[in-house]
Amino acid sequence: MQNKNKIGIYGLGAMGRNIALNIADKGFLVSVYNRNIEGEFHIVEDFLSTEAPSNVQGFNNVKEFVLSLEQPRKVLIMITSGSAVDEAICQIMPYMDSNDIIIDGGNSNYLDTKVRVEKYDVRYLGCGISGGWYGALNGPSMMIGGSNSAWNETRYLFQLIASKRNNQSSCCHWFGENGAGHFIKMIHNGIEYAMMQSIAESYDVLRKIASMSNNDISSVFEEWNNKELNSYLMKVSSEVLLIKDKSGCLIDNVIDRSSQKGTGIDFAICALKYGVPAPTIIESINARFVSSSEYRINTFSMNSYKEAHQSPNVLLEVLFDSVYCSYVIAFFQGMDLVQKVSDDQSWNIDLMDVAAVWEEGCIIKSEIFKDLAKYLESKLSVQMLLEKLTKSKVENLSKAIGIGMENGVPMPVFSSSLNYYYSTCSNKLPANLIQLQREYFGSHGFEKIEAPGRICHFGVDLDI
Ligand code: 6PG
């Protein structure tokens, strides 16, 4: 009898194809399937005839695909998140047993994953996979949650295909029941948005105020990438600035409008729901909305910017520190949300494990985060902000914002990072006035300094 295949990959987009190749490269027999819809009929055939090695078997029939797998069957769904995931599950479920394993490797909302774990009579894993197509092929970072027994039976496979740290351990971790893995991926993506926007804000200053060419900005990013700001996204930014098209530099020919697939919005909703302040990350999401807003007008044009008073070297240092502060604060805000949601969901997530799974292979991989991981021994503490954001770094962040605001260069991430820092470190915030405003118009109560926790009201408690 022919050997059954080890795992099935459902969905042959860039991520699915490369994960299939990665697993096949480790010597396993892999089944692949792609949905049969107009425009996609040829996909399985093309994959088999071009990239796939002989240990990959393709199917156009979903029943044959599922039944080609050894038991317990393992199907890794690699498709865009949303209702399509439920459609895929419903398609394969008739051929699955309750002991079989479904793994959703897309960017599903962790709350949807939680529902699916309970809804489908199968062992279910939600697996956030980071690293783009390159990571999928060469070693992604994998953030897993769901059925613990399914994890124990599949971890050898995940650990083989995931990226490796210096000590050769894998960037692959099970964070807890139900949606814990997709939750950590959502946090990763929130931080990703903030890092991208902080680099974009420094690019904006360098081109508008320092009048630097794309080549020169690319060299600056390359230099930063060789220093403390070493990060995958800095490298990417340096490289994309050099790409040419027929009219010259591609970047100058790209529309200044960015979109998003949804994990950033999921992050923002979650942070607001849990009352966790994450303005740096939320502003990076807003920045994408503003870039696509119908209300944009061209009041400021390239030649309306004044040169900064600082020398180019000072400007570079100021921006370097601004990106540094934004990275640190975005990481802090992301970890704060991990801590709160983990407590609420009883996941007991160790923040060290989160930092470790992001050490290699993922989009937010960065030296700063490796350094910050040292502060996470048991939980997040504000000591991290106080020690990493030195007086001179914060002053430089403030200078950068001054330059931007004076010249009409928007800096949503830089400025929200500074506001977050000042608010966190301020011994007096004006929230006392907010308390009395609320009491005045709504009798919502207020707390006095000498009796914290006790809710007072104007008419009765003015003497305590
Ligand atoms: C990753 C990325 C990836 C994400 C894209 C697009 O870790 O590999 O986070 O999963 O889908 O970066 O995300 P947006 O469309 O939301 O920008």
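**Figure 1. Strand 1 and its two neighbours in the sheet.** Let's start where strand 1 runs alongside strand 2 (residues 30-33): the two pair in the parallel sense, over four bridges. This is a predicted model. Within strand 2, Ser-31 is the bridge partner of Gly-8. Strand 1 (residues 7-10) also pairs with strand 4 (residues 74-77), again in the parallel sense, through three bridges. Here Leu-76 of strand 4 is the bridge partner of Ile-9. Where do the residues of strand 1 point? Ile-7 and Ile-9 point one way, while Gly-8 and Tyr-10 point the other way, and all are buried. In a regular strand, side chains alternate between the two faces of the sheet.

**Figure 2. The open sheet of eight strands.** Stepping back a little, the strands of this sheet follow the order 3-2-1-4-5-6-7-8, and their pairing is mixed. Which strands stand at the edges? They are strand 3 (56-59) and strand 8 (172-174); each has a single partner strand, so one side of each is left without a neighbour in the sheet. From one strand to the next, the twist averages 20°.

**Figure 3. Strand 6, covered on both faces.** Strand 6 spans residues 123-130, and eight of its eight residues are buried, so the strand is largely enclosed by the rest of the structure. On one side sit Arg-123, Leu-125, Cys-127 and Ile-129, and on the other Tyr-124, Gly-126, Gly-128 and Ser-130. Strand 6 pairs in the parallel sense with strand 5 (residues 101-104), using four bridges. If you want a spot to zoom in on, try Ile-102, whose bridge partner in strand 6 is Tyr-124. Ser-130 of this strand is also one of the residues around the ligand, which brings us to the next view.

**Figure 4. The shell around the ligand.** The residues around the ligand are Asn-107, Ser-130, Gly-131, Gly-132, Asn-189, Glu-192, Gln-260, Lys-261, Thr-263, Gly-264, Cys-362 and Ile-363. Two elements, helix 8 (180-208) and helix 11 (263-274), give two or more residues each to this shell. By character, the shell divides into eight polar, two charged and two nonpolar residues. Why does the ligand shell lie between two domains? Both domain 1 (7-178) and domain 2 (185-425) give residues to the shell, so it lies between them.

**Figure 5. Gln-260, a closer look at one shell residue.** Gln-260 belongs to the ligand shell and is found in the loop between strand 10 (248-249) and helix 11. Is Gln-260 buried or partly exposed? With 14 other C-beta atoms within 10 Å, Gln-260 is partly exposed. Phe-289 makes a handy reference point: its C-alpha atom is separated from that of Gln-260 by 8.9 Å, although the two residues are 29 apart along the chain.

**Figure 6. The largest nonpolar core.** This core has 131 residues, and those with the most contacts inside it are Tyr-10, Ile-77, Ile-144 and Val-328. Which helix gives the most to the core? Helix 13 (residues 312-345) does, with 17 residues. Domain 1 and domain 2 both give residues to this core, so it lies between them. In soluble globular proteins, nonpolar side chains tend to be buried together.

**Figure 7. The domains of the chain.** For a final view, the chain is divided into domain 1 (7-178), domain 2 (185-425) and domain 3 (433-464). The C-alpha centres of domain 2 and domain 3 lie 39 Å apart.

Definitions and conventions: Residues are numbered from 1 along each chain as its sequence is written. This is a predicted model: local features need pLDDT of at least 70, side-chain atom pairs count only at pLDDT 80 or more; totals for chains, interfaces and linings use all residues. A residue is near a molecule or strand if its C-beta atom, placed from the backbone, lies within 6 Å of it. Ala, Val, Leu, Ile, Met, Phe, Trp, Tyr, Cys and Pro count as nonpolar, Asp, Glu, Lys and Arg as charged, and the others, Gly among them, as polar. Domain bounds come from an automatic or database domain assignment. Two strands pair if DSSP finds at least two bridges between them. Axes are lines fitted to C-alpha atoms, for helices over the stretch in contact, and angles run from 0 to 180 degrees between N-to-C directions. A nonpolar core is a set of buried Ala, Val, Leu, Ile, Met, Phe, Trp, Tyr and Cys residues joined through C-beta atoms within 7 Å. A residue is buried if 20 or more other C-beta atoms lie within 10 Å of its own, exposed if 12 or fewer, and partly exposed in between; C-beta atoms are placed from the backbone.
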